[in-house]
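Me: I am new to this structure and would like to learn how to read a few of its features. Please take them in turn.

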Amino acid sequence: MFCCLSPSPPPTTPPPAPQVGPYLRLHFGLGGCASPEAMEDAHADLRSLGARRRELGTPVHGLEGQIAALRQYYRMLCAAEVRFPISKAKEHVNKLAFSWGDSFRGGTRKDKQHNVNFEKAAVVFNLGALLSQQGKDQDLETDEGVKVACRCYQEAAGVFGYLREHVSLKVDAPRPEDVSPEGAGMMEKLFLGQAQECFHFKAARDGKSPAILAKLAKHAALLYGEAHKLASSVALAKALASTTYPQLCEVKAAILAAEADESMAAAHRAREERAWLDVQRCLDAWATRASATGVSALGDVYESMQRSGAELRVNT
């Protein structure tokens, strides 16, 4: 069983143009010594940004369309951030606030910040959630489905890694737990674990050697274990109390660790059988030589080894 995140609904902050108006008049109007064309160009950029933002609330193009829309909106936010800095500072756009419902609490806890990085964090989180949904929707009975699922989970993990490294720390404290560095890190490890589990699933179906299966399962177990450690940490335990993420990560880690041990035991058993065959060949060669020369000093040893070999074959 693989899990996915559900994206939070796009925030209901009104279009940015009215709140950005004072900043535009100061920096792009006559007071800022800019031309009317520059003022209109700034308004056009804001209208385009607002239109793209509203489209996020009407997902009519499937997961692929929603993912593409989020990526485009994020790029537009990065470009707009340079022209229209948004913060509480007096010289910036300080009347525009972005809101977000913490997904770990089912969206019931609402937060609002005068910080464009808060909006960027929301967009990146939703992008990772949609990629995880795309992975969960794949048919794992086909090689192509497993391949696509692995790629989607890896991309989702990469998105949450980006959120953790480049966006979360720029969000004003106190941060919602789902867009905090700890929350993003937990989701990153979870989806890396799911991608690794997909590799293990396909390798087992393809009949790979026990040694390979043991390595893949052990790595997946370690990733789930790291996710569980973060989910159970002081920073996230309270926010995740009403979810099954801690239990899911713990169970997945235990199951895959057990599968790794089972595969490693099979690998060791196979090596023992190969070693015993080598010993058996040596004994057979010795027996042939002893029979030809009349030597029987090791006869008891030979018979004992034969009995041990028979027992080994019965037990395996």
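**Reading strands and salt bridges**

Reply: Start with one pairing: the bridge partner of F98 in β2 is Q113. Keep in mind that this is a predicted model.

Me: Which way do β1 and β2 run, and how many bridges join them?

Reply: Strands β1 (residues 98-101) and β2 run antiparallel, and four bridges join them.

Me: Which side chains of β2 point to one face, and which to the other?

Reply: The general idea is that side chains in a regular strand alternate between the two faces of the sheet. In β2, residues 110-113, D111 and Q113 point to one face and are buried. K110 and K112 point to the other face and are not buried. Q113 is thus a buried residue of β2 and the bridge partner of F98.

Me: How many salt bridges does a search of the whole structure find?

Reply: Side chains of opposite charge can pair when their charged atoms come close. Here the search of the whole structure finds 14 salt bridges. One of them joins E155 and R71, with the closest N and O atoms 3.8 Å apart. E155 lies in helix α5 (residues 143-167) and R71 in helix α3 (residues 62-83), so this pair ties together parts that are 84 residues apart in sequence.

Me: What is the relative accessible area of E155, and what is that of R71?

Reply: For E155 the value is 30%, which makes E155 partly exposed. R71 has 35% and is partly exposed too.

Me: Which residue does E177 meet in a salt bridge?

Reply: The side chain of E177 meets that of R109, at 3.3 Å from N to O. E177 sits in the loop between α5 and α6 (181-205), while R109 sits in the loop between β1 and β2; the pair links distant parts of the chain, 68 residues apart.

Me: Why does E177 count as buried?

Reply: The cut-off for buried is under 20% relative accessible area. E177 counts as buried because its relative accessibility is 14%. R109, at 26%, counts as partly exposed.

Me: Where are the two ends of the salt bridge between R164 and E188?

Reply: R164 is in helix α5 and E188 in helix α6, 24 residues apart. Their closest N and O atoms are 2.9 Å apart. R164 is partly exposed at 28% relative accessibility, whereas E188 is buried at 14%.

Me: Which residues do salt bridges that share partners join into one network?

Reply: The network consists of D102, R105, R109, D111 and E177. Two of its residues have come up as a pair, E177 and R109. D111 appeared among the buried side chains of β2.

Terms used
Residues numbered from 1 in each chain as written. Predicted model: local features only at pLDDT ≥ 70, side-chain atom pairs only at ≥ 80, totals over all residues. Heavy atoms only, no water. Buried < 20%, exposed > 50% of the residue type's maximum accessible area, 1.4 Å probe, protein only. Pairing = 2+ DSSP bridges. Salt bridge = Lys/Arg side-chain N within 4 Å of Asp/Glu carboxyl O.
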